[in-house]
Amino acid sequence: MEVLIAKQKDLIRYGKLSWWGRLARRILGVTIGHGYRSWRALLWSLAFVIAGALIFGWANARGLMAPSSPEILTDPLYRAGGTIPPDYPRFEALAYSLDAFLPIVDLHQEGFWLPDAGKPFGALVRLYLWIHIAAGWFLSTLFVSGVTGLVRRLE
C-alpha cells in the first residue's frame, strides 16, 4: 500500500498532469489516501461535525437560529418574545450539525431550523451551513468511493 501511495505522489510531482489533475490527486491524497486510506474521510467528517456543532451552538446562543416554519414565524407569541410552541422540535446543535452534514440522514433538525440571515453574523452562519452541507456530500462520496475501490480503479 505504501508503494502505491508513493506512486501517486510521484505522479503528482513528476507526471505530465494538468494543474487540475494535480489538484484533484492532491485532494484525493489528503482526504482518502488515494483510495488506500478511506478512513481519513471519517476523520475529516468528524472534524466538520464537531466544528458545525460548535458554530451552530454558538449561533443558537446568540439568537441567530430561527424556526423555518412560516406558522411559527408569524405566530404572535413568537413575534412578541420568541416563544416557540412546546410541540415544535427544540434546537440541538450536534443533531443539527449531523443532520446537515450527512446527506441521507434526517434527524428532524435541519428542516425545522435555519440561520437567520437578516441578523448580524446570521448570513455568515448560513454561508457556513452551505459549506457544511457541500462538505458532507463531498466527503461521503469520497468515503464510499474509497471503500468500494472505485478511486483506485480510476487512478
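Q: Which residues in helix 3 meet which residues in helix 7?
A: In this predicted model, the helix 3 side brings Ala41, Leu42, Trp44, Ser45, Phe48, Val49, Ala51, Gly52, Ile55, Phe56, Trp58 and Ala59. Across from them, helix 7 offers Val125, Tyr128, Leu129, His132, Ala135, Leu139 and Phe143.

Q: Why are helix 3 and helix 7 called roughly antiparallel?
A: It comes down to the angle. Helix 3 (residues 39–61) and helix 7 (residues 122–148) pack at about 160°, with axes 10 Å apart. Angles over 145 degrees count as roughly antiparallel, so that is the label for helix 3 and helix 7. As for handedness, helix 3 passes helix 7 in a left-handed crossing. By class, this contact has 16 nonpolar, three polar and no charged residues.

Q: What makes helix 3 and helix 6 oblique to each other?
A: Their axes cross at roughly 130° and come within 8 Å. The roughly perpendicular range is 65 to 115 degrees, and roughly antiparallel needs over 145. The angle of roughly 130° fits neither, so helix 3 and helix 6 are oblique. Here the crossing is right-handed.

Q: Which residues meet where helix 3 touches helix 6?
A: From helix 3 there are Ser45, Phe48, Val49, Gly52, Ala53, Phe56 and Gly57. Helix 6 (residues 93–101) answers with Ala93, Leu94, Tyr96, Ser97, Leu98 and Phe101. Sorted by class, the contact has nine nonpolar, four polar and no charged residues. Ser45, Phe48, Val49, Gly52 and Phe56 of helix 3 are among those that meet helix 6, and they also meet helix 7.

Q: Is Gln109 buried or exposed, and what makes it so?
A: Gln109 has a relative accessible area of 5%. Buried means under 20%, so Gln109 is buried. You'll find Gln109 in the loop between helix 6 and strand 2 (113–115).

Q: Which residues is Gln109 in contact with, leaving aside neighbours within four places in sequence?
A: The list runs Pro89, Arg90, Phe91, Glu92, Ala95, Tyr96 and Asp99. One of them, Tyr96, is also part of the helix 6 contact with helix 3.

Q: What is the secondary structure pattern of the protein along the sequence?
A: Reading along, you get α-α-α-β-α-α-α-β-α-α, which comes to eight helices and two strands.

Q: How many of the 155 residues, as a percentage, are buried?
A: Buried residues make up 35%. The accessible surface comes to about 9,500 Å², with 68% of it belonging to carbon and sulfur atoms.

Note on methods
Residues are numbered from 1 along each chain as its sequence is written. This is a predicted model: local features need pLDDT of at least 70, side-chain atom pairs count only at pLDDT 80 or more; totals for chains, interfaces and linings use all residues. Side-chain values use heavy atoms; hydrogens and water are left out. Axes are lines fitted to C-alpha atoms, for helices over the stretch in contact, and angles run from 0 to 180 degrees between N-to-C directions. Helices (H or I, at least four residues) and strands (E, at least two) are DSSP runs, numbered from the N terminus. Angles under 35 degrees count as roughly parallel, over 145 as roughly antiparallel, 65 to 115 as roughly perpendicular and the rest as oblique. A crossing is left-handed if the near helix is turned anticlockwise from the far one by less than a right angle, and right-handed if clockwise. Contact means heavy atoms within 4.5 Å. Ala, Val, Leu, Ile, Met, Phe, Trp, Tyr, Cys and Pro count as nonpolar, Asp, Glu, Lys and Arg as charged, and the others, Gly among them, as polar. Buried means under 20% relative accessible area, exposed over 50%, partly exposed in between (1.4 Å probe, protein chains only). Accessible areas come from the Shrake-Rupley method with a 1.4 Å probe; for residues, only the protein chains shown count as cover.
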